[in-house]
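User: I'd like to learn how to read cavities, interfaces and salt bridges in a model. Could you walk me through them?

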Amino acid sequence: MTQVNIGLRVNGKKVNETIESRQSLADFLRETLLLTGTHLGCEHGVCGACTVWINGAPSRSCITLAASCDDAEVISIEGFKDDPQMEKLRSAFISEHALQCGYCTPGMLITAYDIVHRLPDADDNRLRLELAGNLCRCTGYKGIVCALRRVLGPPSENG
Amino acid sequence: MANTGIGAAVARKEDGRFLHGRGQFVGDIKLAGMLDAAFVRSPVAHGRIVSIDVPEQFHEAVFTAKDLTGLKTIRANSGLKGFKSSEQPPLASNKVRLVGELLAVCVGGNRALAEDVVDEVFANIEELEPVTDMLSARAPDVPLVHEEWGDNVFLETNVDTGVEAALASAPVKISRRLRMSRQCMAPLEGRGVVAEWNHRTQQLVVHTATQIPHIVRTGLAECLGLDESAVRVTAPDVGGGFGYKAILLPEELVVCWLAIHLHRPVRWLEDRREALTASANAREHYYDITLCADEEGKFLALDAKVTVDAGAYSSYPFTACLEATQVASILPGPYNFPAYRCQTWSVATNKCPILPYRGVARAGVCYALESMVDLVARKINKEPHDVRLENLITPEQMPFDNIVNKHFDSGDYPECLKRAAAAIDVEGVRKRQVLGEPDGRLVGLGMGIFNEQAAHGTAVYSAWGIPMIPGYEQAFVRFTPDGGLEVRVGIQCHGQGSETTLAQVAHEILGLDIESIKIVHGDTELSPYSTGTWGSRVMVMSGGAVATACEKLCERIQLIGAHLLQAELEDTQVEDGYVKAPSGQISLIDVARTWYHRPQDLPADVDRQGLEVTAGYKLRRDDGTFSYAAHAAVLAVDPHFGTVEIIKYVVVEDGGVLINPMIVDGQILGGAAQGIGTALYEEMPFDENGQPLFSTLADYVLPGATEVPNIHIEHMETPSPYSLFGQKGIGEGGAIGSVAAVTNAVNDALCRVGAEVCETPMTPRRILTAIQDAKSQRESVGT
Ligand code: FES
Ligand code: FES
């Protein structure tokens, strides 16, 4: 099996590892670094459960090779521990009952984090469109949309 | 103190860990020395195994049926007369009966390495002609899934109250053939198991993603030939169930066998392809159905022949027949029917077994019956909801024993329907339909009303023949020395919020802060036996058990408290964490400390069983509770693309007394999203060779945030007379009425161009075909 060395920052810490070149970032996080907050729902890029933050954007860690993350800045759900915006999202998720089994939740939060930064004026239709890459089998999405709405405030007139 | 008892929309105690990525799912468990397992699966649907070739260098890493000594096959026998038994082998040794059946297991240091070994194993299989269509499966001279049976029918059932007269003379008689496709339940987390042999406790410890840990333990012990006490099953956090995780898996058996024989922990994590193609599916019903009515739309009779494609094996514990037997017992729905006949067949085919998916047979039944109601309404030119009102059981009739002796406990079904009609604005939609849409889309309105039997018990399940019949549900409660409360229950919570709602129940009785109440579940070692979480039973059954145990505990606390306060027992009460008497009060912590650490202060007649109680609970009637709801949808069908957009969606639901309204709404919303999937998107098709055609979530379409509308919910609260607080089970209803509401709305839109779809999901292709067929028919009539 081809091995490669990678050096990257994960949740703010420098990490150097020798890995199999075929290993996905999700497996690297979960199995090598034991960061199990990143979940796997499909392992083929559809469900969004594995969404992590790579170099400032949400990305699917199941179809990202760890080897391609050399020098990257990766943040998984564990890395957002004290982030004030994420804290707001978390409490909105609680108030709006935006999670049931909690399996989609880490990926959902990271996508939501991206939405509140990128689209502060989004209306509900836009929120739904932006959430379309993250599947949730439990909630029917209403709570998730409401949680985002709670954080963003009422949609602006010309939103 | 803010109310955190029954009826309060308390925030969930379990949310914190998930929001920080600290949930603990099976896939998160890593044990020292753990191996990963991967399975070699059958590439064909039906065949005879000639050989399984394993290259020399992999002999140590590959195990086939002949290696698995001492393992029994999985048998889930229905108690119903005429049932034919199937034996599901942990690894196939002779015949394969479905694509994906297990042939061999490979182990490696991680999943990828185990899968590398899978690629090296070659299965030489002589193909047999498969049975892939449940209707032709009953024809003479077809291949047999289980040769020894002589046919392909697990079970045939009949109910007949005499319908011939109505069939002969009814002024309105509508017949249809309706199909509900095979589906995958698709919780976001797949199944998974980690097993190890613990030498200290001499136990097999199995961490598995299950809804039914105690039942899995019973099944594992039986098949592995171990004492039950030598098996501990724990379900950690489980990422959704919906029925998919209420099964004893052959994979579980194999992984346990490996852990015992390799003396190392072994893990298997199902991938999405396995989940979609090789594990259990759900539904696949076919209805040949006739509804008779008079000119006013009053129902005269219902007659149906129903076939369910149960796949190759009867799965443990729910059997291959629960689905079809349930159809026969619930098809009359919430209506008055003077006559009813239903014949059912649970048919074996070369496909995965089926499991009861959220709503079980009800989603199909409600779809079929409510489709027929709309057709009758169309025929006699009435609003469908008026026809429903004409036939619904009225509150004056409650409690009501229907034509098949279902005992409906309570409620006002007509009021529920009227509220839904008002909320969806039937008149407004009808006007809009007359005006037409500027973009040429066809607007449709649909409704579905149903009742949902939940928490039903002994008598009901023995009639359905399953081998695992629920009786008394138990809870164990223990008051700890620091005045906290441990509550241990045998159910398993995988999203329903039971860690919160059961604490609310305990709080209601004892008045303790819910933060100091800890719910322990999902572990056979730590909880009383339970059939687990399914059938919308937890809030009623486990809730009842927790309350009963807390009441007993309360009596003991009160006795000690009265003694310490030097008060008469009848002058004291337990409230807000205190035993209170006119002379003063004493905190429950003091009572606890007295029992544990200052026994010299206890009364002489103290209950010697102390501050631990196990109590059992059963409903006042085995029939369970009947929640009910009306779903109503308005949608627009694009006649050029066949796509559907849901414009408005309302649910009026009566779940009796709601323990936590926020969580109830969550159940309805999530269920409705799944029902929308059933109605419009989700299907697992097979080709004529029995090959499953979808293997990714890109083919098997789950509804996303753009497909599920913003659903509006209204509540009615008619308490159940039979449950402890008047609560009713509501966990599945969302997935039931939604299918009917959406499919009826599609057909309401399509009837404007003379088209009709008789199959779920109503995909663009099916909608366009229906429109095209209607057009061709008009043209051929025209010429
Ligand atoms: S697990 Fe990565 S998208 Fe589904
Ligand atoms: S909360 Fe279960 S998948 Fe979203």
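User: Which residues lie nearest the centre of the largest cavity?

Analyst: Keep in mind that this is a predicted model. For an enclosed space, start from the middle and work outwards to the lining. Here Gln496(B), Ser536(B), Gln667(B), Gly731(B) and Glu732(B) lie nearest the centre, out of 44 lining residues. The space in this largest cavity comes to about 670 Å³, and a search of the whole structure turns up nine cavities of 30 Å³ or more.

User: Which elements give residues to the lining of the largest cavity?

Analyst: In chain B, the elements that contribute two or more are helix H7 (322-330), helix H13 (498-510), helix H14 (538-565) and H16. H16(B) gives the most, with three residues. On the domain level, domain 2 (362-450 + 626-782) and domain 3 (472-617) of chain B each provide at least three lining residues.

User: And how many residues of each class are in that lining?

Analyst: Sorting the wall by class gives 18 nonpolar, 21 polar and five charged residues for the largest cavity.

User: How do I read a pocket, say the second largest one? Which residues are nearest its centre?

Analyst: Go about it the same way, but check which chains turn up in the wall. In the second largest pocket, Asn125(A), Arg128(A), Val708(B), Pro709(B) and Asn710(B) lie nearest the centre, and the lining has 22 residues. Its space is about 460 Å³. Helix H4 (124-131) and helix H5 (142-152) of chain A each supply at least two lining residues, as do strand S27 (644-654) and helix H16 (661-681) of chain B. The biggest share is from S27(B), with six residues. By class, the lining of this pocket splits into twelve nonpolar, three polar and seven charged.

User: Next, interfaces. What area do chain A and chain B bury between them?

Analyst: The size of an interface is often given as the accessible area lost when the parts come together. For chain A and chain B that is about 4,000 Å², with 57% of it on carbon and sulfur atoms. The contact involves 46 residues from chain A and 56 residues from chain B. On the chain A side, His97(A), Gln100(A) and Arg137(A) lose the most area to chain B, together 20% of what that side buries.

User: Can I use that approach inside one chain? Where are the domains of chain A?

Analyst: You can treat two domains as the two parts. Chain A is divided into domain 1 (3-79) and domain 2 (82-152), and their C-alpha centres lie 22 Å apart. The contact takes 16 residues from domain 1 of chain A and 14 residues from domain 2 of chain A. Between these domains about 1,200 Å² is buried, and carbon and sulfur atoms give 62% of that. On the domain 1 side, His39(A), Trp53(A) and Ile77(A) lose the most area, together 43% of what that side buries.

User: Last one: salt bridges. How many does the rule find across each interface?

Analyst: Side chains of opposite charge can pair when their charged atoms come close. The rule finds six salt bridges across the interface of chain A and chain B, but zero across the interface of domain 1 and domain 2 of chain A. One pair to look up is Asp28(B) with Arg30(A), where the closest N and O atoms are 2.9 Å apart. Over all chains the count is 63 salt bridges. Within chain B, Asp303(B) and Arg341(B) form one at 2.9 Å, N to O. This pair links distant parts of the chain, 38 residues apart: Asp303(B) sits in strand S14 (residues 299-309) and Arg341(B) in strand S15 (residues 340-347) of chain B.

Terms used
Residues numbered from 1 in each chain as written. Chains lettered and ligands numbered in written order. Predicted model: local features only at pLDDT ≥ 70, side-chain atom pairs only at ≥ 80, totals over all residues. Heavy atoms only, no water. 1 Å grid on protein atoms, 1.4 Å probe; cavity = no way out; pocket = protein on both sides within 12 Å on 5 of 7 lines; lining within 4 Å. Points joined across faces, edges and corners; volume = space filled by probe spheres on them. Helix = DSSP H or I, 4+ residues; strand = E, 2+ residues; numbered from the N terminus. Nonpolar A, V, L, I, M, F, W, Y, C, P; charged D, E, K, R; others polar. Domains from an automatic or database assignment. Contact = heavy atoms within 4.5 Å. Buried area = accessible area lost by both parts, 1.4 Å probe. Salt bridge = Lys/Arg side-chain N within 4 Å of Asp/Glu carboxyl O.
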